[in-house]
Amino acid sequence: PVDAFDAKADVLAVLGQLGVPVDKLQVRTEAPGWYHPGRSAVVGLGPQSVMAAFGEIHPGVLRAMGVKGPMAGFEIYLDALPKPKAKKSAAKAYLELSTLHPVERDFAFVVDTAVSAEAVLSAARRAGSTLVADIRVFDFFEGGNLGEGKKSLAINVTLQPTEKTLTDADIEAVGQQIVAGVEKATGGVLRT
């Protein structure tokens, strides 16, 4: 089954291919009415900018269409995309690849239900140094023994060294920076 996170990943991939700086995008929960409230959002480069909308389709829309089960989608507003900037150099852009192996680490944070997944991802990205190559949410849990008004968001962080193989101490230090950054920015705590 697909969900809003799948649709968001597709939106970010397409926007990235279109030259939009996806690391600077802001996510807001202001999606159009045909998306499921609380399971949809819009992205843009500022508070007034809306470049795309994504999320799960509203159950009422699914019923009207005769569709069973969840469905996700997205739309990109091409007219809202920034114009490409002129290149200063005629040098061809290339992708830098590392011969060093990436390292993945998982973290789960208990946060207030009002804290967005994007807030957790942004805080982890800012705190994680230049080694962070990718961050994604892979699990969401609400209820149970977490307490009223709390949810758990689990993230997977990929660290990509470029200069030397990471030692256990290097990995631990980045992990501590990520935990401290997320806790400070969101008021959450590391789930043990």
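**Note on the predicted model**

1. In this predicted model, residues 24 or more positions apart account for 59% of the contacts in the protein chain that have a separation of 6 or more. Of the 192 residues of the protein chain, 36% count as buried, and the C-alpha trace spans about 55 × 55 × 30 Å along its principal axes.

2. As for secondary structure, the protein chain has four helices and eight strands, which follow the pattern α-β-β-β-α-β-β-α-β-β-α-β when read along the sequence.

3. Four strands form an open sheet with antiparallel pairing, in the order β1-β2-β3-β4. Because β1 (26–28) and β4 (72–76) stand at the edges and each has a single partner strand, one side of each is left without a neighbour in the sheet. On average, and with direction ignored, neighbouring strands of this sheet are turned by 20 degrees against each other.

4. At the β1 edge, the pairing with strand β2 (residues 35–44) is antiparallel and runs over three bridges; within the sheet, V27 stands opposite V43 in β2. Helix α1 (residues 4–17) packs on the sheet, where it touches β1, β2, β3 (52–57) and β4, and the direction of helix α1 makes about 155 degrees with that of β3.

5. Turning to the surface and the charges, the protein chain exposes about 12300 Å², of which carbon and sulfur atoms supply 55%. The protein chain carries 20 positive and 22 negative side chains, and the centres of these two sets lie 6 Å apart.

Key: Residues numbered from 1 in each chain as written. Predicted model: local features only at pLDDT ≥ 70, side-chain atom pairs only at ≥ 80, totals over all residues. Heavy atoms only, no water. Pairing = 2+ DSSP bridges. Helix = DSSP H or I, 4+ residues; strand = E, 2+ residues; numbered from the N terminus. Axes fitted to C-alpha atoms, helices over the stretch in contact; angles between N-to-C directions. Contact = heavy atoms within 4.5 Å. Buried < 20%, exposed > 50% of the residue type's maximum accessible area, 1.4 Å probe, protein only. Areas by Shrake-Rupley, 256 points an atom, 1.4 Å probe, with all protein chains shown as cover. Lys, Arg positive; Asp, Glu negative; His and termini not counted. Charge placed at Lys NZ, Arg CZ, Asp CG, Glu CD.
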